[in-house]
Amino acid sequence: MKILGIETSCDETAAAVVENGTKVLSNVIASSVDLHAKTGGVVPEVAAREHIRQISPVIDQALKEASVEWSDIDAIAVTHAPGLMSSLLVGVNTAQSLAYIHKKPLIPVHHIAGHIYANFLEKKEEPQFPILILTVSGGHNELVLMKGHFDFEVIGETLDDAAGEAFDKVARMLDIGFPGGPIISKLAEKGSPNAFDFPRARLNKDNQYNFSFSGLKTAVKQEIHRHAELTDTVIADIAASFQMAVVDVLSEKLIKAADDFDVKEIHLAGGVSANRLLRKMTTERIDQSIKLFYPENLIYCTDNAAMVAGAAYFSHQKNPVKADQWKRVEAHSQLSLS
Ligand code: KG4
Ligand code: ZN
């Protein structure tokens, strides 16, 4: 089964063709990230305008690179939630029109389910459920227990910022560019993770699987104000100490939950799963009996449409969509995964 996936929930306009949920035939991404670098964050109206400009050429390119015609496509999949409303609407409206014109079923996909299925794109072995997933990016930060295909339970989430959002905000405070994650982790290589003792929000027992990064963000802000001049050394030390504080909490809570829920596999997903320290620290802390997976190809960590088409295949296997389902697909800015 060949599915055309469409993803426009934030600032990436993406389309991909994936066969049977795992074989990527094409994966095209046009990002408007450079336009948002000036503002240090995504401006919804700018992102939506770019989606409108890019969506048709990106879909054409995805079909061309996959060497398929419309007649070869069995279904269309689109991210319908959560995300920036004006961005989601471009993808959803385009997908609905295409489903109507080409008479294809339309499969709505939750963005976080998409990130989760990014790990299945590269997975060579059968999954061993239950799987614990840390899905962490600019817009979300969750611990998800996956008991089977499309059987998710969110066991933890952030009480304030997502980790990726904290990376982006600290980068803005340091005036070093956007998106903050890759820039901070690069600078951190030259700094000391012990230079500043930034706080880790471990939270009380009721919140043991939840996260909070607002206190850390405030501590970084106060540290920045303590320095008359932000030299390259101070910036590198702040980057390294901040990154260590975030990753320490993410991996600690992940390992604790994996133990409590007796899982067989741990998956890292979402933009922050590209972080080298997160991968390293989780590898070091994980029990030898649990397998760790993360997207080897960094393109599957951040937003892409192959993950959407992949997720759609497994969703459709479990709950097949009806031919006229496209009429009822709606965009939602907020929608829980479970
Ligand atoms: O999944 P994604 O493309 O978009 C959302 O769904 O939000 O993730 C983007 C986020 C940004 O906040 C970015 O700073 C972060 O992922 N990110 C990273 C790294 N690469 C991207 N954070 C930490 N380390 C990285 N290497
Ligand atoms: Zn995402």
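# Worked exercises on a predicted zinc-bound model

H111 and H115 share helix α4 (residues 111-121), where they sit four residues apart, about one turn of the helix. Helices here are DSSP runs of H or I with at least four residues, strands are runs of E with at least two, and both are numbered from the N terminus. This is a predicted model, in which local features need pLDDT of at least 70 and side-chain atom pairs count only at pLDDT 80 or more, while totals for chains, interfaces and linings use all residues. Residues are numbered from 1 along each chain as its sequence is written, chains are lettered from A and ligands numbered from 1 in the order in which they are written, and side-chain values use heavy atoms, with hydrogens and water left out.

## Exercise 1: the zinc site

Task: find which protein atoms are the donors of the zinc ion (ligand 2), and say whether H111 is buried or exposed.

Solution.
- Step 1. Donors are N, O and S atoms within 2.8 Å of the metal (3.2 Å for Na, K and Ca); water is not among the atoms, so sites may look incomplete.
- Step 2. Three residues qualify: H111 and H115, each through NE2, and D303 through OD, at 2.0 to 2.1 Å from the zinc ion.
- Step 3. Written along the sequence, the spacing of these donor residues reads H-x3-H-x187-D.
- Step 4. For accessibility, buried means under 20% relative accessible area, exposed over 50%, and partly exposed in between (1.4 Å probe, protein chains only).
- Step 5. H111 has 6% relative accessibility, so it counts as buried; H115, with 1%, is buried too.

## Exercise 2: strand β6 and its partners

Task: work out which strands pair with β6, and in which sense.

Solution.
- Step 1. Two strands pair if DSSP finds at least two bridges between them.
- Step 2. β6 and β7 run antiparallel and are joined by six bridges, with I133 opposite V144 of β7. A hairpin of four residues links these two strands.
- Step 3. With β9, β6 pairs in the parallel sense over five bridges; here L134 has L268 as its bridge partner.
- Step 4. Now look at the side chains. In a regular strand they alternate between the two faces of the sheet. In β6, I131, I133 and T135 point one way, L132, L134 and V136 point the other way, and all are buried.
- Step 5. Since six of the six residues of β6 are buried, the strand is largely enclosed by the rest of the structure.

## Exercise 3: on to the next hairpin

Task: describe how β7 pairs with β8, and find the residue with a positive phi in the turn.

Solution.
- Step 1. β7 (residues 141-148) and β8 (residues 151-157) are antiparallel partners over six bridges.
- Step 2. Within this pairing, M146 has F152 of β8 as its bridge partner.
- Step 3. Two residues lie between the strands of this hairpin, and F150 in the turn has a positive phi of about 50 degrees.

## Exercise 4: the second largest pocket

Task: characterise the second largest pocket by volume and lining.

Solution.
- Step 1. On a 1 Å grid over the protein atoms alone, a pocket is an open set of points with protein on both sides within 12 Å along at least five of seven lines, and lining residues have an atom within 4 Å of a point.
- Step 2. The volume, which is the space filled by probe spheres set on the points, is about 190 Å³ for this pocket.
- Step 3. Of its 14 lining residues, H80, P108, H110, F150 and S315 are the closest to the centre.
- Step 4. Strand β5 (residues 106-110) gives the largest share of the lining, four residues.
- Step 5. Sorted by class, the lining has nine nonpolar, five polar and no charged residues. In this sorting, Ala, Val, Leu, Ile, Met, Phe, Trp, Tyr, Cys and Pro are nonpolar, Asp, Glu, Lys and Arg are charged, and the others, Gly among them, are polar.

## Exercise 5: backbone check

Task: locate the prolines after cis peptide bonds at F129 and F178, and examine the phi of K103.

Solution.
- Step 1. The bond from F129 to P130 is cis, with omega near 0 degrees, and P130 is in the loop between α4 and β6.
- Step 2. The bond from F178 to P179 is also cis, with omega near -5 degrees; P179 belongs to the loop between α5 and α6.
- Step 3. K103, a residue other than glycine, has a positive phi near 55 degrees. K103 lies in the loop between α3 (85-102) and β5 and, at 70% relative accessibility, counts as exposed.

How values were computed. On a 1 Å grid over the protein atoms alone, a cavity is a set of points where a 1.4 Å probe fits but cannot get out, and a pocket is an open set with protein on both sides within 12 Å along at least five of seven lines; lining residues have an atom within 4 Å of a point.
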